[in-house]
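Colleague: I would like to learn how to read pockets, surface and backbone features from a model. Please take them in turn.

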Amino acid sequence: MTTRERPTLEAVARRAGVSRATVSRVVNGSTTVAAAIREAVNRAVEELGYVPNQAARSLVTRQTDSIALILPETANRVFSDDLFFPAIIRGVGSELEAADKQLVLMMAGSAAGYHRVERYAVAGHVDGVMFASIHGADPLPGLLARRGIPVICSGRPMLADPPVPYVDVDHAGGVAAALQHLITSGRRRIATIAGPQDMVAGLERLTGYHDTLHAAGLPSLVAAGDFTRDSGIAAMRALLDQDPDLDAVFAASDLMAHGALQALRDTGRRVPEDVAVIGFDDFDISRYSDPPLTTVRQPIAEAGRVMARQMLRLIAGDPEIEPAIILPTELITRASA
């Protein structure tokens, strides 16, 4: 055998003294082969440096060992965000790497991209599909589930027929903790910069805001943003136009809270003396804002890890898979409120 030749299944069979079919069963993970024979085959594999042919292995196991993470966003949106998307990808990727699975990252920010993702998954190129950053009543998770493809979502999907399992965070609890902190500190004119209302995170954080202020007998004041810093600047200016005497603002994302801090500085308001500010995320930049930002910490990378672990259970056919896992949030108090 020359140095350029790859060892074959037949070579492993000769070295182990068994049939080619037996070697194939062992390298494809069969548990029906006697332990002594498995040991002989594995020893021959190691000695020869045999690497299984993945395409052939997939035909036997009907698995690709690849799992897709679908982001229904444009590439520009994903790669211009150096906070949320890297955290969720890092969490998913670390868990799949530990399980020796390949992560396939796909974006679907257009109709063409959407259909490309659908065709790719239905064609059997991946063993399962995970979704993050879902907008609106996206039918794709349910469509793929109906095709028998394992599906799990980061965030509760607005619409999925049939229902698919998901991993989310306690939005309402986090918002309630933030607003109670403001109310306890004496704030009474509390506005919010809401997130996009075609996403569950935006909807639930706004609902939590309304519910908490209603229970406290306080009025609501809302401006809409899209989770970006620029939208936070514009929304904060709009809120100050509506109520120049507001004394606190809860922003549904840290980036929008950073925009609010900029708008407040531009209009001569002191934080927190004149206006207290609280965000939602606890990204690293929040510790270094001026002033450091009080915020609701959500475990984004951990949500990615949990989602990947649930996906591995789905692929393995675990009948005890939980339909929903809700991770806790935590209020982190700093100088802004």
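**Pockets, surface and backbone**

Modeller: Start with what forms the wall of the largest pocket: α5 (75-80), α6 (84-98), β5 (166-169), α10 (200-215) and α13 (300-315) each contribute at least two residues to its lining. Keep in mind that this is a predicted model.

Colleague: How much space lies in the largest pocket?

Modeller: The space comes to about 590 Å³. Its lining has 34 residues, and the closest to the centre are Phe84, Ser133, Met199, Ala201 and Phe227.

Colleague: How do the residues of that lining divide between nonpolar, polar and charged?

Modeller: The lining of the largest pocket has 17 nonpolar residues, nine polar and eight charged.

Colleague: What volume does the second largest pocket have?

Modeller: Its volume is about 320 Å³. Of the 16 residues lining the second largest pocket, Ala87, Arg90, Asp282, Phe283 and Asp284 are the closest to its centre. Two elements, α6 and α13, give two or more residues to this lining, and the largest share, three residues, is from α6. By class, the second lining has seven nonpolar residues, one polar and eight charged.

Colleague: Now the surface. Which residues make a nonpolar patch?

Modeller: Met158, Leu159 and Leu203 make a nonpolar surface patch of about 220 Å². Among them, Leu159 lies in the loop between β4 (151-154) and β5.

Colleague: Why does Leu159 count as partly exposed?

Modeller: The class is set by relative accessible area: under 20% is buried, over 50% is exposed, and partly exposed is in between. Leu159 is partly exposed because its relative accessible area is 44%.

Colleague: Where is Ala177 placed, and how is its accessibility classed?

Modeller: Ala177 is in helix α9 (residues 171-184). Its relative accessibility is 33%, so Ala177 counts as partly exposed.

Colleague: And Ser336: buried or exposed?

Modeller: Ser336 is buried, because its relative accessible area is 0%. Ser336 is in the segment after β12 (330-332).

Colleague: How should I read separation along the chain against separation in space?

Modeller: Take the two numbers side by side. Ala177 and Ala324 are 147 residues apart along the chain, and 22 Å separates their C-alpha atoms. For Ser336 and Tyr209, the chain separation is 127 residues and the C-alpha atoms are 19 Å apart.

Colleague: Next, the backbone. Which residues does a cis peptide bond join, and what is omega?

Modeller: A cis bond joins Val271 and Pro272, with omega about 10°. Pro272 is in the loop between α12 (254-266) and β9 (276-281). The peptide bond from Asp290 to Pro291 is also cis, and omega there is near -5°. Pro291 lies in the loop between β9 and β10 (294-297).

Colleague: What is phi of Asp100, and where is the residue placed?

Modeller: Phi is the thing to read here together with residue type. Asp100 is a residue other than glycine, and its phi is positive, near 60°. Asp100 sits in the loop between α6 and β2 (102-107). With a relative accessible area of 64%, Asp100 is exposed.

Colleague: What about Asp281: buried or exposed?

Modeller: Asp281 is buried, because its relative accessible area is 6%. Asp281 is in strand β9, and although it is not a glycine, Asp281 has a positive phi of about 155°.

Methods. Residues numbered from 1 in each chain as written. Predicted model: local features only at pLDDT ≥ 70, side-chain atom pairs only at ≥ 80, totals over all residues. Heavy atoms only, no water. 1 Å grid on protein atoms, 1.4 Å probe; cavity = no way out; pocket = protein on both sides within 12 Å on 5 of 7 lines; lining within 4 Å. Points joined across faces, edges and corners; volume = space filled by probe spheres on them. Helix = DSSP H or I, 4+ residues; strand = E, 2+ residues; numbered from the N terminus. Nonpolar A, V, L, I, M, F, W, Y, C, P; charged D, E, K, R; others polar. Patch = residues over 30% accessible without salt bridge, like charges linked within 9 Å, V, L, I, M, F, W, Y side chains within 5 Å. Areas by Shrake-Rupley, 256 points an atom, 1.4 Å probe, with all protein chains shown as cover. Salt bridge = Lys/Arg side-chain N within 4 Å of Asp/Glu carboxyl O. Buried < 20%, exposed > 50% of the residue type's maximum accessible area, 1.4 Å probe, protein only.
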